Amino acid sequence: MNHRPPSRRLLGRNTQRLGVLTVACLAALGIAGPAGAVPASSHPGRDVPVVRDLARTHADRTRTDQFRSSFDVRQLGAVVGAAVDNRALAVSAGCRPERPCRSVALSFQIVTMAGDQTRLSAGNTGRALNEHCAGCQTLAVAYQFIVATPRPFTLSAQAQAQLAAVHRQLDALKNSREPVSVVHQQVDALADQVKAVLDREAAAAAKGPALAPLGAVRPTVTTHHQSDQAEQPDSGGQPDRTG
């Protein structure tokens, strides 16, 4: 069976419509600019660093399979306060049922910080959106791990090697053809590995001075997790979002 290529005029109209749809999708997620990798940024102030990490994908008819992963370790040292933000944002827009989109954004942020009365502002967001995308699969997973110790602390060489191995496994999910629900489970399993490494490191870290009758201030590991999965049925109904 022969398929005639679309005319340039029709292609131009489709491209224009997809361009408008792209802007609408990005606006719905609260982001702007082209899809793809966004470099992480760190703007240290006077002992109050600001850290942002982001994985963002946008799949459409011209790029039906998009994947982006971010895995960043931020060792801030002794600080009086910090603002940390981690985001995974995934969009699928305007694909055809016979050639559906797949958009996966995964972001792991690990922050270590020291101080006995540190003030922390932390944000962690995972959001997925399907827009006029029948049969598309969209997944966003954001994990944020915060290690707080009363005294200055650095991850051991062994821990850094173990985290690097998890990073490679996260990146390798780009080659997975499993449904995004299965990818989600694999990401959760990798997050469990990260938590286990950080728990061991925190247990070995020095305690702080006793500020209460119960004893010394102990290092802590806090995990923030948000995920969003959007799968739109072939009938073109409203997205089914879970996470």
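How many nonpolar, polar and charged residues are there in the lining of the largest cavity? Before coming to that lining, it helps to walk through the chain as a whole, bearing in mind that this is a predicted model.

The chain contains three helices and 11 strands, and when it is read along the sequence these elements follow the pattern α-β-β-β-β-β-β-β-α-α-β-β-β-β. Of its 243 residues, 42% count as buried. Among the contacts between residues at least 6 apart in sequence, 78% join residues that are at least 24 apart.

Helix H2, which runs over residues 157-172, is a good place to look at how one element sits among the others. H2 has 16 residues and reaches 23 Å from its first C-alpha to its last, close to the 22 Å expected at 1.5 Å a residue. Within H2, the residues Ala159, Leu163, Val166 and Leu170 are buried, and because they cover an arc of only 55° around the axis, they lie on the same side of H2. The spacing follows a general rule: an α-helix has 3.6 residues a turn, so residues three or four places apart point the same way. The buried residues of H2 pack against strand E3 (65-78), strand E5 (102-114) and helix H3 (180-204), whereas the face of H2 turned away from this buried side carries the exposed residues Ala157, Gln158 and Arg168.

Strands E3 and E5 also appear in the account of the cavity, since they are the elements that give two or more residues to the lining of the largest cavity. The structure holds one cavity of 30 Å³ or more, and about 50 Å³ of space lies in the largest cavity. Its lining is made up of Asp65, Gln66, Phe67, Arg102, Val104, Leu173, Lys174, Ser176, Arg177 and Val183, with E3 giving the most, at three residues. To return to the opening question, the lining of the largest cavity has four nonpolar, two polar and four charged residues.

A last stop is histidine 132, which lies in the loop between strand E6 (119-131) and strand E7 (137-149). The phi of histidine 132 is near 50°, a positive value in a residue other than glycine. As a general background to that value, most residues other than glycine have a negative phi. Histidine 132 is also exposed, with a relative accessible area of 58%.

Conventions. Residues numbered from 1 in each chain as written. Predicted model: local features only at pLDDT ≥ 70, side-chain atom pairs only at ≥ 80, totals over all residues. Heavy atoms only, no water. Helix = DSSP H or I, 4+ residues; strand = E, 2+ residues; numbered from the N terminus. Expected span 1.5 Å × (residues − 1). Buried < 20%, exposed > 50% of the residue type's maximum accessible area, 1.4 Å probe, protein only. Arc of directions from axis to C-beta. Contact = heavy atoms within 4.5 Å. 1 Å grid on protein atoms, 1.4 Å probe; cavity = no way out; pocket = protein on both sides within 12 Å on 5 of 7 lines; lining within 4 Å. Points joined across faces, edges and corners; volume = space filled by probe spheres on them. Nonpolar A, V, L, I, M, F, W, Y, C, P; charged D, E, K, R; others polar.
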